[in-house]
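Please open the model in your viewer and keep the selection tool at hand, since this tour goes from one selection to the next and describes what is found at each stop.

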Amino acid sequence: MTSHDKPDDHIAGRLLEPALRGAYGRTPENVALAQVLMAASCAEEADRALDAAIRHIRSAPHERSEAASRLQRMRALWDQTPDAFANIKAVMHSLDHPGARDPHPSPETWATIFDDAVGVSREASVALYCLGRADLLRAATDEIVERIRAWNLLRADAFVLDVGCGSGRIVEALARHVKTAIGIDVSMHMLQAARECCAACGNTVFVRTSGQDLSAFPDESIDLVCAIDVFPYFVMSDLAQRHICEMARVLRRDAHLLILNYAYSDDPTASGNELRRFAQEAGLSVRHSATREFSLWDGTCFLLRKSSQQERSI
Ligand SMILES: C[S@@+](CC[C@H](N)C(=O)[O-])C[C@H]1O[C@@H](n2cnc3c(N)ncnc32)[C@H](O)[C@@H]1O
C-alpha cells in the first residue's frame with residue numbers, strides 16, 4: 001500500500017482494498033466489485049466502501065480521473081445488478097459448509113457443497129465474479145474459449161475433456177469447435193445443469209467422477225484437458241499431484257493441459273513452483289506460467305504440454 005491507499009477510518013481495509021484494486025486497474029472492475037461484496041457484511045457497508053474509495057481517489061494526485069471512472073463503472077454495474085449481493089452471499093453460505101473446514105476436504109464434501117451452490121445460482125456457483133449475471137458469465141466464457149482457440153488448441157477432430165466442468169458453460173462453448181467435448185464433475189446437480197446447458201449440442205458427454213482420478217479414460221485418448229477453477233479444490237483435497245499425473249496419462253503426445261487458477265493461496269510464488277514441479281515430474285513442459293489473460297477475470301493461466309516421443313527419448 002502507498003500513502004494514498006490508507007483505509008478510510010470508518011471502512012475496514014478489507015473492503016477498501018479490493019475497491020482500490022479495481023480503481024487502479026489491478027483487477028477487473030466486476031472482480032473488484034465481487035470482492036467488495038464478498039467482504040461486506042451488508043449491502044450498505046459495500047456501498048459505503050465504494051463512496052470511501054471515490055473520496056480517497058479524489059484526494060490522491062495520481063490516476064485520479066481514470067481511477068474515479070473505474071469506480072463509477074463498478075457502482076453502475078452494481079446498480080444494474082441489484083441481486084449481486086444476495087447471489088454472492090447465498091453461494092458463500094453454501095461454500096461455508098463445516099466439511100470445508102477439514103484440513104483436506106474430500107471430493108464427496110465438495111460434491112455436497114456444489115450440489116447446494118448450483119441450486120442457489122447456476123451462474124454465481126461457478127464464477128462469483130459474474131455477480132450471478134448470465135450475460136457476464138457468457139462474456140467471460142467467450143473470452144476463455146477465444147484464448148484457447150487463439151492458441152490453436154482446438155481442432156475439428158479433437159476430443160476435449162473439461163475436468164470439474166460445473167454447469168457446463170465451457171463444454172458448451174468448446175463443443176462448437178471440436179469433435180467431442182466431455183465434462184466430468186463430482187456434483188450430480190452440476191452435471192444435471194450441464195446436461196441442460198448442452199441439450200442442443202449433440203457432441204457433448206457428461207460423466208460423474210469420484211474426484212480421485214481419471215480412471216474412466218484410457219491412456220493417450222484426449223487432445224486437450226481443461227481445468228477451469230477446479231484445481232484449488234484438488235489442492236485443498238490434497239489431490240493436485242495425482243490429477244496432474246492422471247491428466248498427463250490421458251493426454252496424447254504434444255497435447256495440452258490448461259489450468260486456470262491452481263490454488264487460492266496467499267503465496268502464489270510457492271504454489272506456482274509446486275505446480276511446475278508436479279508438471280515436470282509428470283512429463284509436462286510449461287508454455288505459460290501464471291499469466292493473466294482476461295479482461296473479465298483475474299484467474300491465472302498455466303498452459304502445459306505433454307512432451308513428444310522424441311523429447312522423451314532425449
Ligand atoms: C468453481 S466451480 C468451476 C466450474 C467450471 N469449471 C467453470 O469454470 O464453470 C468448481 C467445480 O469443481 C468441481 N469439483 C470439486 N472437486 C472436484 C473433484 N475432485 N473432481 C471433479 N470435480 C470437482 C465442483 O463440483 C464444481 O463444479
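Begin with the ligand and the shell of residues around it, which by class has eleven nonpolar, five polar and three charged residues. Keep in mind throughout that this is a predicted model. If you colour domain 2 (90-130) and domain 3 (134-313) separately, you will find that both give residues to this shell, so the ligand lies between them.

Now select the helices α6 (107-120) and α10 (231-236), each of which supplies at least two residues of the shell around the ligand. Of the shell, the largest share comes from α6, with three residues.

Which residues come nearest to the ligand? Among the 19 residues around the ligand, these are Gly164, Arg169, Asp185, Gly211 and Ile228. Select Gly164 before the others, and look for a polar atom of its backbone, which is 2.7 Å from a nitrogen atom of the ligand. Then move to Arg169, where an N or O atom of the side chain is 2.7 Å from an oxygen atom of the ligand. At Asp185, an N or O atom of the side chain is 2.6 Å from an oxygen atom of the ligand. With a surface displayed, you can also look at how the ligand is covered, for the protein covers 99% of the 600 Å² of accessible area that the ligand has on its own.

Next, turn to the strands. Select strand β1 (residues 159-163), which is mostly covered, as four of its five residues are buried. β1 pairs with strand β2 (residues 180-185) in the parallel sense, over five bridges, and one place to see the pairing is Phe159, whose bridge partner in β2 is Thr180.

Continue with strand β5 (residues 251-260), in which seven of the ten residues are buried, so this strand is largely enclosed by the rest of the structure. Strand β4 (residues 222-228) runs parallel to β5 and is joined to it by six bridges; if you select Val225, you can look for its bridge partner Leu257 in β5. Strand β7 (residues 300-306), by contrast, runs antiparallel to β5 and is joined to it by five bridges, and here you can select Leu258 together with its bridge partner in β7, Leu303. While the side chains are displayed, it helps to remember that in a regular strand they alternate between the two faces of the sheet.

From the strands, go to helix α8 (residues 169-175), where Leu174 is found. Is Leu174 buried or exposed? Its relative accessibility is 0%, so Leu174 counts as buried, the cut-off for buried being under 20%. If you use the distance tool between the C-alpha atoms of Leu174 and Asp162, which are twelve residues apart along the chain, the separation is 9.5 Å.

The last stops concern the backbone angle phi, which is negative for most residues other than glycine. Select Asn152, in the loop between α7 (134-150) and β1, where phi is positive, at about 60°, although the residue is not a glycine. With 66% relative accessibility, Asn152 counts as exposed, because the cut-off for exposed is over 50%. Finally, select Asp229 in the loop between β4 and α10; this residue, which is not a glycine either, has a positive phi of about 55°. At 16% relative accessibility, however, Asp229 counts as buried.

Terms used:
Residues numbered from 1 in each chain as written. Predicted model: local features only at pLDDT ≥ 70, side-chain atom pairs only at ≥ 80, totals over all residues. Heavy atoms only, no water. Buried < 20%, exposed > 50% of the residue type's maximum accessible area, 1.4 Å probe, protein only. Pairing = 2+ DSSP bridges. Near = heavy atom within 4 Å. Polar contact = N/O pair within 3.5 Å; in protein donor to acceptor, adjacent residues only side chain to side chain. Areas by Shrake-Rupley, 256 points an atom, 1.4 Å probe, with all protein chains shown as cover. Nonpolar A, V, L, I, M, F, W, Y, C, P; charged D, E, K, R; others polar. Domains from an automatic or database assignment.
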